[in-house]
Amino acid sequence: MRIAVISDVHGNVFALRAVLDEIRRSGIDHLVNLGDLLSGGVRPAETAELLMHTPAVTVRGNHERQLLESPRDQMGLSDGLAADEIDDEQRAWLASLPTTARPAQGVLAFHGSPDDDLTYLLETVTPSGVRPATEDEVIQRLGTLPDEGLLLCGHTHLQRSIRLTNGTLIVNPGSVGWPAYDDDQPHPHVIEAGTPHARYAVVDDATGSWEVTFHRAHYDIEAAAAAARANDRPDVEHALRTGRMP
């Protein structure tokens, strides 16, 4: 079985089109989308329209929750743009999405962790920066060693995988549409993929256990950057062009 995994599109329809084109040519059995679909600085409504017509198992991320639950005047710039652009049908589609899904036997998909869409599962933020999480930290965040052979997570925009001692493979496919951001919780930190590519992963069990291949797709970065500039998001424009924060 071959599963293509995408996450953190963040309204970048230009990157999404390129990734979906590559995936269609790769002979996959399932497409899984791990959330944070629309909120960003590019084209949220167009992204919603494309995703709604793309067969995929999709879970919601923290930005879907914020879009659906936060008052408009308390939203950040990314959620606010999406809230202003999407229509009632697209909002209803977001509301229909689950927080976890099982796209195949022994596979569990979620955004941050199964119980918290804000958890950094495979990264640890310290006062001095961000580092890969240890296996003990990952298991602590999961609560127990998982029964599933494959866990799919997003949220941190970084391509990373870890195989636990019981054989479970955990995969973060990276971000399709937003390669760098900053945050202040639990400590101020920056996440940077380092290049502007659209990222995704393919997992398969041809060897008898799950294995992952990470991919980077080229796309029309200039068009996406121009959309961010038109939306008065110079931070997003810079991240799209460079894969780094200003």
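**Contacts, cores and helices**

Student: Which residues does Ile6 touch, leaving out those up to four places away in sequence?

Tutor: In this predicted model, Ile6 touches Leu16, Val19, Ile23, Leu31, Val32, Asn33, Leu34, Pro173, Val176 and Tyr200, with residues up to four places away in sequence not counted. To be in contact, heavy atoms must lie within 4.5 Å.

Student: What makes a set of residues a nonpolar core, and which residues have the most contacts inside the largest one?

Tutor: The members must be buried residues of certain nonpolar kinds, joined through side-chain atoms within 4.5 Å. The largest nonpolar core has 41 residues, and those with the most contacts inside it are Ile6, Val19, Leu94, Val176 and Tyr219. At least two residues of this core come from each of strand 1 (2-6), helix 1 (13-24), helix 2 (44-52), helix 4 (77-85), helix 5 (88-96), strand 13 (198-204), helix 7 and helix 8. Helix 1 gives the most, with eight residues. Another core, of 16 residues, lies apart from this one and has Leu34, Val59, Ala101 and Ala201 among its residues. In soluble globular proteins, nonpolar side chains tend to be buried together.

Student: Why does Ala225 count as buried or exposed?

Tutor: Ala225, which lies in helix 7, has 0% relative accessibility. Buried means under 20%, so Ala225 counts as buried. Neighbours within four places in sequence aside, Ala225 is in contact with Glu237, Leu240 and Arg241.

Student: How do you know whether helix 7 runs roughly parallel or antiparallel to helix 8?

Tutor: The axes of helix 7 (residues 221-230) and helix 8 (residues 234-242) come within 8 Å and cross at roughly 170°. Angles over 145 degrees count as roughly antiparallel; therefore helix 7 is roughly antiparallel to helix 8. Where they meet, helix 7 offers Ile221, Glu222, Ala224, Ala225, Ala228 and Arg229, and helix 8 offers Val236, Glu237, Leu240 and Arg241. These residues divide into six nonpolar, no polar and four charged.

Student: What makes Asp204 count as buried or exposed, and what is in contact with Asp204?

Tutor: Asp204 is found in strand 13. Its relative accessibility is 17%, and the limit for buried is under 20%; Asp204 therefore counts as buried. Apart from neighbours within four places in sequence, Asp204 is in contact with Met1, Arg2, Ser209, Trp210 and Glu211.

Student: How far is the backbone nitrogen of Ala206 from a polar atom of the side chain of Asp204?

Tutor: The separation is 3.0 Å. A polar contact requires N or O atoms within 3.5 Å, and the value for Ala206 and Asp204 satisfies that cut-off.

Notes. Residues are numbered from 1 along each chain as its sequence is written. This is a predicted model: local features need pLDDT of at least 70, side-chain atom pairs count only at pLDDT 80 or more; totals for chains, interfaces and linings use all residues. Side-chain values use heavy atoms; hydrogens and water are left out. Axes are lines fitted to C-alpha atoms, for helices over the stretch in contact, and angles run from 0 to 180 degrees between N-to-C directions. Helices (H or I, at least four residues) and strands (E, at least two) are DSSP runs, numbered from the N terminus. Angles under 35 degrees count as roughly parallel, over 145 as roughly antiparallel, 65 to 115 as roughly perpendicular and the rest as oblique. Ala, Val, Leu, Ile, Met, Phe, Trp, Tyr, Cys and Pro count as nonpolar, Asp, Glu, Lys and Arg as charged, and the others, Gly among them, as polar. Buried means under 20% relative accessible area, exposed over 50%, partly exposed in between (1.4 Å probe, protein chains only). A polar contact is a pair of N or O atoms within 3.5 Å; within protein, one must be able to donate a hydrogen and the other to accept it, and residues adjacent in sequence count only if both atoms are side-chain atoms.
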